[in-house]
Amino acid sequence: MNDMVRKTQAALQIKKTICVRIYGTSMMPLINEGDIVQAKVIDREIRVGDVVLLEYNGHFICHRVYALLDDGRYCTKGDHNTQPDSIIAKRKNILALICL
């Protein structure tokens, strides 16, 4: 886990909600490049359709939960992408819910 991920997790624990600037177009038209979204501490079960902030290999990804697997992992997908993400997220990788 890199320093930015640790700082983000700490900020979420203290503030409960943080602002995140979006880079990329994978969540268009709902979220556009340069938009600032609010990410909040997860206080409930994650559901299909939730937009989440997740960490993968030190990078942040803001995508929608596409499917829940029987083993507890999550498939995600950007709204603008044609295919689901190739990574399968574990709960520990999902840092926050995006407030829409």
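The structure holds 0 disulfides. The model is a predicted one. Its chain comes to 1 helix and 7 strands. Those 7 strands form an open sheet with antiparallel pairing.

**Cysteines**

- C62 is in no disulfide, and the nearest cysteine sulfur, that of C99, lies 11 Å away. A disulfide needs the two sulfur atoms within 2.5 Å.
- C99 is in no disulfide either; for C99 the nearest cysteine sulfur is that of C19, at 9.3 Å.
- C62 is buried, at a relative accessible area of 10%.
- C99 is partly exposed, with 31% relative accessible area.
- In general, a disulfide is a covalent bond joining the sulfur atoms of two cysteines.

**Overall build**

- From the N terminus on, the elements run α-β-β-β-β-β-β-β.
- The radius of gyration is 13 Å, close to the 13 Å that the globule rule gives for 100 residues, so the chain is as compact as a globular protein of that length.
- The C-alpha atoms fill a box of roughly 35 × 35 × 25 Å along the principal axes.
- Of the 100 residues, 35% count as buried.
- The accessible surface of the chain comes to about 6,200 Å². Carbon and sulfur atoms account for 51% of that surface.
- Take the contacts between residues at least 6 apart in sequence: 46% of them join residues at least 24 apart.

**Sheet**

- The strand order in the open sheet is 1-2-7-3-4-5-6.
- Strand 1 (17-21) and strand 6 are the edge strands, and each pairs on one side only.
- Strand 4 (residues 59-68) pairs with strand 5 (residues 74-77) in the antiparallel sense, over 4 bridges.
- Within this pair of strands, R64 stands opposite K77 in strand 5.
- As a general point, strands of a sheet pair through backbone hydrogen bonds, either parallel or antiparallel.

**Nonpolar cores**

- The largest nonpolar core has 14 residues. I31, A39 and I98 touch the most other members.
- Strand 1, strand 2 (36-40), strand 3 (51-56) and strand 7 are the elements that give two or more residues to this core.
- Strand 7 supplies the largest share of this core, 3 residues.
- Residues up to four places away in sequence aside, I31 touches I22, V37, V51, C62, I98 and L100. Among these contacts of I31 are the buried cysteine C62 and I98, itself one of the core residues that touch the most other members.
- A second, separate core holds 10 residues, including I46, L54, I87 and A89.
- More generally, nonpolar side chains tend to be buried together in soluble globular proteins.

**N93**

- N93 sits in the loop between strand 6 (88-89) and strand 7 (94-99).
- N93 has 16% relative accessibility, so this residue counts as buried. The cut-off for buried is under 20%.
- Neighbours within four places in sequence aside, N93 is in contact with L53, L54 and E55.
- One of these contacts, L54, is also a member of the second core.
- The loop that holds N93 leads from strand 6, an edge strand of the sheet, to strand 7, which gives the largest share of the largest core.
- In the sheet order 1-2-7-3-4-5-6, strand 7 stands between strand 2 and strand 3.

Notes. Residues are numbered from 1 along each chain as its sequence is written. This is a predicted model: local features need pLDDT of at least 70, side-chain atom pairs count only at pLDDT 80 or more; totals for chains, interfaces and linings use all residues. Side-chain values use heavy atoms; hydrogens and water are left out. Buried means under 20% relative accessible area, exposed over 50%, partly exposed in between (1.4 Å probe, protein chains only). Contact means heavy atoms within 4.5 Å. Two strands pair if DSSP finds at least two bridges between them. The radius of gyration is taken over C-alpha atoms; the globule rule is 2.2 Å times the number of residues to the power 0.38. Accessible areas come from the Shrake-Rupley method with a 1.4 Å probe; for residues, only the protein chains shown count as cover. A nonpolar core is a set of buried Ala, Val, Leu, Ile, Met, Phe, Trp, Tyr and Cys residues joined through side-chain atoms within 4.5 Å.
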